Amino acid sequence: ILWFLYLLVLKKASAQEGGGAGGGNSGFATLRFPSPAEGKLIFEYKEVLFMKEKFCCFTGHRKINQNEMIEVVYRLGDEIEGLIDMGVNNFISGGALGFDTIAALSVILLRDQGYRIRLIMALPCIGQDKLWNEKDREIYALILKYADEVRYIYEGEYKDCMRERNKYMVDNSSYCISYLRRGRSGTSQTVAYAQKQGLEIIRL
């Protein structure tokens, strides 16, 4: 299913580029945030995600039960479309393997169908894919190419970069679509924090 979504995005992207249409934003904005480890500001910025009611983030496990995969993909698409109908037009993905990747590809596909929505990639650090296999890195590169905006929380690796990435996504959203099946996980911690911050949690 994941490979199918990737090929579908790739096919649409190739067709748009061949026809001169602007599919996505190949010249995406890359914003880098301050790293405590370096003690300096990498990119001076003012918070721009100020209309939280129009933002939704995703959180989910890296491994998805194969028996649930098709249902998860369809339900995810339905929930995103439902939020679009409510005026949500910005979707934040953390760029991890598994659910984050499916969510990002789904947003790209819906955007290419004509929905006026944006995909924001909030990444924990530069090079988080360096230990991934070739196929996963290829999919990741495509997502970054066609994202509307890419934000790095830290420039280099930092022990809490994943947690800070999750916190950033929640702090800038009013909705959170989650795929949660296991406790004591980064996903469960993110959902708990989102609940504490008053986000509407949509569970798949």
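User: In this predicted model, are Trp132 and Tyr140 buried or exposed?

Analyst: Both Trp132 and Tyr140 are buried. That word requires under 20% relative accessible area.

User: What makes Trp132 and Tyr140 an aromatic pair, and what kind is it?

Analyst: Their ring centres lie 5.0 Å apart. The cut-off is within 6.5 Å, so a pair is counted. The planes of Trp132 and Tyr140 stand at 70 degrees. Over 60 degrees counts as edge-to-face, so that is the label.

User: Why is the pair of Phe58 and Phe99 called edge-to-face?

Analyst: The angle decides. The planes of Phe58 and Phe99 are at 70 degrees, so the pair is edge-to-face. The centres are 6.5 Å apart, and the rule accepts centres within 6.5 Å.

User: Which elements does this pair link?

Analyst: Phe58 sits in strand β2 (residues 55-60). Phe99 belongs to helix α3 (residues 99-112), 41 residues apart from Phe58. Phe58 and Phe99 are both buried. They also share one aromatic cluster with Phe91 and Tyr179.

User: Why is strand β6 described as largely enclosed by the rest of the structure?

Analyst: Five of the five residues of β6 (residues 175-179) are buried, so the description fits. Tyr175, Ile177 and Tyr179 point one way, Cys176 and Ser178 the other.

User: How do you know that β2 and β6 pair?

Analyst: Count the bridges. Pairing needs at least two, and β2 and β6 have five, in the parallel sense. One example is Gly60, whose bridge partner in β6 is Tyr179.

Note on methods:
Residues numbered from 1 in each chain as written. Predicted model: local features only at pLDDT ≥ 70, side-chain atom pairs only at ≥ 80, totals over all residues. Heavy atoms only, no water. Phe/Tyr/Trp six-rings, centres within 6.5 Å; stacked < 30°, edge-to-face > 60°. Helix = DSSP H or I, 4+ residues; strand = E, 2+ residues; numbered from the N terminus. Buried < 20%, exposed > 50% of the residue type's maximum accessible area, 1.4 Å probe, protein only.
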